[in-house]
Amino acid sequence: MKLEEAIKNRFSARVYDGKEVDKEKLAYALELARQSPSARNIQPYKFVVCNEPELVKEVALATQTPGAKINRYTRNVPCFVAFVGEKVGLAKTLLKKAHIHYDDFDIGIAVQSFCLAATSVGLDICIIGWFSRKKLAKALALPRNKEVRLLVAVGNGGAQYKERKKKDFDEIVSYNKF
Ligand SMILES: Cc1cc2nc3c(=O)[nH]c(=O)nc-3n(C[C@H](O)[C@H](O)[C@H](O)COP(=O)(O)O)c2cc1C
């Protein structure tokens with residue numbers, strides 16, 4: 001699949017059949033995420049694959065809120081990739097301000113590389129930013145100085161691409177002046 005197709009075909013899939021994810025396809029997407037640019041090439045992340053059924057259940061629960069609809073679909077997701085970075089604390093933010101800001105960019109870029117690569121080999125994905133950091137830290141046995149910054153649901157399930165409303169080109173692009 002060409003880059004343009006992968007970018008245009010990627011969408012947030014929220015229907016999953018729970019079936020195991022093809023290991024080679026997953027490894028391909030992780031490898032391409034590993035090639036992402038990173039400020040000062042620090043690569044301040046680790047990609048933690050969660051595909052053991054009991055752990056997957058725990059991770060899915062950490063993305064849900066009892067009584068709320070948000071992320072309910074994650075109960076059928078067979079695999080998550082947790083993008084783990086340095087925990088952001090006040091002291092650290094003050095001490096290493098620039099560094100911390102770049103971490104977020106680096107992780108976002110790696111997530112996008114992963115999502116495009118996964119899409120290009122026919123995997124469905126959804127980026128998830130709503131979750132309990134505390135529950136995930138426990139489930140994934142993270143060291144105290146690390147936290148999950150973003151999760152990506154990975155699987156298949158026949159979710160159909162849906163045209164999403166994106167801002168018009170002229171609204172979002174300008175040349176030379178804002
Ligand atoms: C940083 C970030 C966090 C997100 N968090 C969630 C989430 O918790 N749950 C969810 O279902 N979708 C989540 N999404 C997906 C967005 O809702 C989705 O990208 C947006 O609606 C546009 O749709 P599209 O991805 O199909 O283009 C997140 C996306 C990003 C980039």
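## Strand β4 and its partners

In this predicted model, strand β4 spans residues 146–155, and 8 of its 10 residues are buried, so the strand is largely enclosed by the rest of the structure.

Strand β4 pairs with β2 in an antiparallel arrangement joined by 8 bridges. Strand β3, residues 124–128, also runs antiparallel to β4, with 5 bridges between them. Valine 154 of β4 takes part in both pairings: it is the bridge partner of cysteine 79, and it stands opposite isoleucine 125.

## Surroundings of the ligand

The ligand is surrounded by Phe11, Ser12, Arg14, Asn71, Cys126, Ile127, Ile128, Gly129, Trp130 and Arg164. By class, this shell comprises 5 nonpolar, 3 polar and 2 charged residues.

Asn71, one of the residues around the ligand, lies in the loop between α3 (53–62) and β2 (79–86). Asparagine 71 counts as buried because 22 C-beta neighbours fall inside 10 Å, where the threshold for burial is 20 or more.

## Asparagines with positive phi

Most residues other than glycine have a negative phi. Asparagine 71, although not a glycine, has a positive phi of about 60°. Asparagine 176 likewise has a positive phi, of about 75°, without being a glycine.

Asparagine 176 is located in the segment after α7 (169–172). Is asparagine 176 buried or exposed? Asparagine 176 counts as exposed because it has 4 C-beta neighbours inside 10 Å, the limit for that class being 12 or fewer.

Technical notes: Residues are numbered from 1 along each chain as its sequence is written. This is a predicted model: local features need pLDDT of at least 70, side-chain atom pairs count only at pLDDT 80 or more; totals for chains, interfaces and linings use all residues. A residue is near a molecule or strand if its C-beta atom, placed from the backbone, lies within 6 Å of it. Ala, Val, Leu, Ile, Met, Phe, Trp, Tyr, Cys and Pro count as nonpolar, Asp, Glu, Lys and Arg as charged, and the others, Gly among them, as polar. Helices (H or I, at least four residues) and strands (E, at least two) are DSSP runs, numbered from the N terminus. Two strands pair if DSSP finds at least two bridges between them.
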